[in-house]
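Q: Please take a close look at one part of this structure. Start from a single residue and work outwards to whatever it leads to. Keep the sentences short, as I am new to this.

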Amino acid sequence: MPELPEVELYSRYFATHALRQPVVRARVLDERILGEIRKSTFAERLRGRAFSSVQRHGKHLFADAGDDTWLHLHFGMTGDLTYYADAAEDPRFARVVFDFEGGAHLAFEDMRLFGVVDLTSSPAAFIAAHRLGPDPLDSRFRLRDFQQLVANRRGAVKALLMSQEILAGIGNLYADETLYEAGIHPRRAVSDLSADEVKKIYATMRKILAETIRRKERGGDYPARSLIMHRDEDDRCPRCGGAIRKMVVFGRTTYYCSKHQK
DNA sequence: AATATTGTTCAGCA
DNA sequence: GTGCTGAACAATAT
């Protein structure tokens with residue numbers, strides 16, 4: 001399930017493979033993946049253009065096609081990108097395929113169709129229109145900015161981390177992972193957090209996101225002591241031996257350690 | 001065959 | 001009106 005770290009890797013993948021090659025044809029294999037844009041308009045507006053750069057904000061990926069036209073990708077739950085040489089190798093769940101002038105192809109795949117492929121005038125316009133919060137890995141996003149977000153909120157801390165209008169990029173898995181490592185219960189009220197706890201959440205969240213990107217880029221897995229590797233009610237906490245519990249918070253299945261997350 | 005997942009929309013509450 | 005939570009919805013492989 002692509003969250004911020006995975007989308008960052010897609011962004012790098014896009015940048016290393018699919019820039020500066022004119023699009024001969026943009027094939028829409030399943031129109032249900034498209035957002036606002038209509039199929040014919042989508043193909044026409046991209047024909048002959050080359051992507052010059054990519055930008056990521058939260059779980060959203062943008063590729064600049066010039067002339068106030070940006071490709072916008074959202075990976076939903078099962079979105080993926082594949083670059084390949086032969087059109088005969090179109091992936092099974094390819095929904096949109098870009099055929100490049102050199103003969104190569106880039107496919108946006110999405111088995112469950114929760115993702116979106118669209119065009120937008122600019123990343124900034126999209127972010128404003130959808131009221132997305134700051135990206136937690138943005139270097140301009142400092143502790144004081146996070147403290148500000150916390151000060152203006154009530155409710156469960158997990159809801160704060162997962163709300164894209166507050167903070168863009170964290171989904172179910174990394175919200176759980178952050179709180180697990182910070183030792184904070186997912187239902188803890190934001191208004192109840194101490195200054196130290198707020199600081200801890202900020203630092204832990206950034207560390208986990210950045211480390212995951214680093215590890216995955218080298219083809220590595222999650223650490224053995226991470227909650228991600230132990231999302232199972234019958235499991236035990238790899239740090240303190242406490243029982244792993246499951247519950248629903250903010251409408252999502254939540255795992256936490258009953259011993260060190262009070 | 002129930003379950004899991006995301007973002008959006010809406011109902012209801014304080 | 002605002003902020004928040006929870007439910008329903010979309011799709012489909014396992």
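A: Phe 250 has a relative accessible area of 48%, so it counts as partly exposed. Keep in mind that this is a predicted model. Phe 250 sits in the loop that joins strand S9 (244-249) to strand S10. Its backbone deserves a look too. Phi of Phe 250 is positive, about 55°, although the residue is not a glycine. Most residues other than glycine have a negative phi.

Compare another loop residue. Arg 20 lies between helix H1 and strand S1 (23-28). Arg 20 also has a positive phi, near 60°, without being a glycine. Its surface is another matter: Arg 20 has a relative accessible area of 64%, which means that it is exposed.

Back to Phe 250, and on to a partner. Met 162 and Phe 250 are 88 residues apart along the chain. In space, their C-alpha atoms are separated by 8.6 Å. The two residues are also in contact. Met 162 belongs to helix H5, which covers residues 157-162. Buried or exposed, where does Met 162 fall? Its relative accessible area is 12%, so Met 162 is buried. With neighbours within four places in sequence left aside, Met 162 contacts Phe 250 and Arg 252, and also Ile 170, Gly 171, Asn 172 and Ala 175.

Two of those contacts lead straight into the next helix. Asn 172 and Ala 175 are among the buried residues of helix H6. How enclosed is H6? Ten of its eleven residues, in the run 172-182, are buried, so H6 is largely enclosed by the rest of the structure. Among the buried ones are Leu 173, Tyr 174, Asp 176, Glu 177 and Ala 182. What do the buried residues of H6 pack against? Their partners are H1, H5, H7 and strand S10 (252-257). Just after H6 comes Gly 183, with a positive phi of about 70°.

Take H7 next. The axes of H6 and H7 come within 9 Å and cross at roughly 120°. That angle makes the two helices oblique to each other, because oblique covers angles that are neither roughly parallel, antiparallel nor perpendicular, and perpendicular stops at 115 degrees. The crossing of H6 and H7 is right-handed. On the H6 side, the contact uses Tyr 174, Glu 177, Thr 178, Leu 179, Glu 181 and Ala 182. On the H7 side, the residues include Lys 200, Ile 201, Thr 204, Met 205 and Ile 208. Sorted by class, the contact has seven nonpolar, three polar and five charged residues.

H7 holds another residue to note, Lys 199. Its relative accessibility is 46%, so Lys 199 counts as partly exposed. Lys 199 and Gly 155 are 44 residues apart in sequence, and their C-alpha atoms are 18 Å apart in space.

H7 also meets H1. The axes of H1 (residues 4-17) and H7 (residues 195-217) come within 9 Å and cross at roughly 45°. H1 is therefore oblique to H7. This crossing is right-handed. From H1, the residues in the contact are Leu 4, Pro 5, Glu 6, Glu 8, Leu 9 and Arg 12. From H7 come Leu 209, Thr 212, Ile 213, Lys 216 and Glu 217. By class, five of these residues are nonpolar, one is polar and five are charged.

Now pick out one of those, Glu 8 in H1. At 15% relative accessibility Glu 8 falls under the 20% limit, so it counts as buried. What does Glu 8 touch? Residues up to four places away in sequence aside, Glu 8 touches Ile 213 and Arg 56. The side chains of Glu 8 and Arg 56 are joined by a polar contact of 2.7 Å.

One more buried residue makes a polar contact. Thr 69 lies in the loop between strand S3 (60-64) and strand S4 (70-74). Thr 69 has 2% relative accessibility, so it counts as buried. A polar contact of 3.2 Å links its side chain to that of Arg 45. Beyond four places in sequence, the residues in contact with Thr 69 include Leu 46, Arg 49, Leu 119 and Ser 121.

Definitions and conventions:
Residues are numbered from 1 along each chain as its sequence is written. Chains are lettered from A and ligands numbered from 1 in the order in which they are written. This is a predicted model: local features need pLDDT of at least 70, side-chain atom pairs count only at pLDDT 80 or more; totals for chains, interfaces and linings use all residues. Side-chain values use heavy atoms; hydrogens and water are left out. Helices (H or I, at least four residues) and strands (E, at least two) are DSSP runs, numbered from the N terminus. Buried means under 20% relative accessible area, exposed over 50%, partly exposed in between (1.4 Å probe, protein chains only). A polar contact is a pair of N or O atoms within 3.5 Å; within protein, one must be able to donate a hydrogen and the other to accept it, and residues adjacent in sequence count only if both atoms are side-chain atoms. Contact means heavy atoms within 4.5 Å. Axes are lines fitted to C-alpha atoms, for helices over the stretch in contact, and angles run from 0 to 180 degrees between N-to-C directions. Angles under 35 degrees count as roughly parallel, over 145 as roughly antiparallel, 65 to 115 as roughly perpendicular and the rest as oblique. A crossing is left-handed if the near helix is turned anticlockwise from the far one by less than a right angle, and right-handed if clockwise. Ala, Val, Leu, Ile, Met, Phe, Trp, Tyr, Cys and Pro count as nonpolar, Asp, Glu, Lys and Arg as charged, and the others, Gly among them, as polar.
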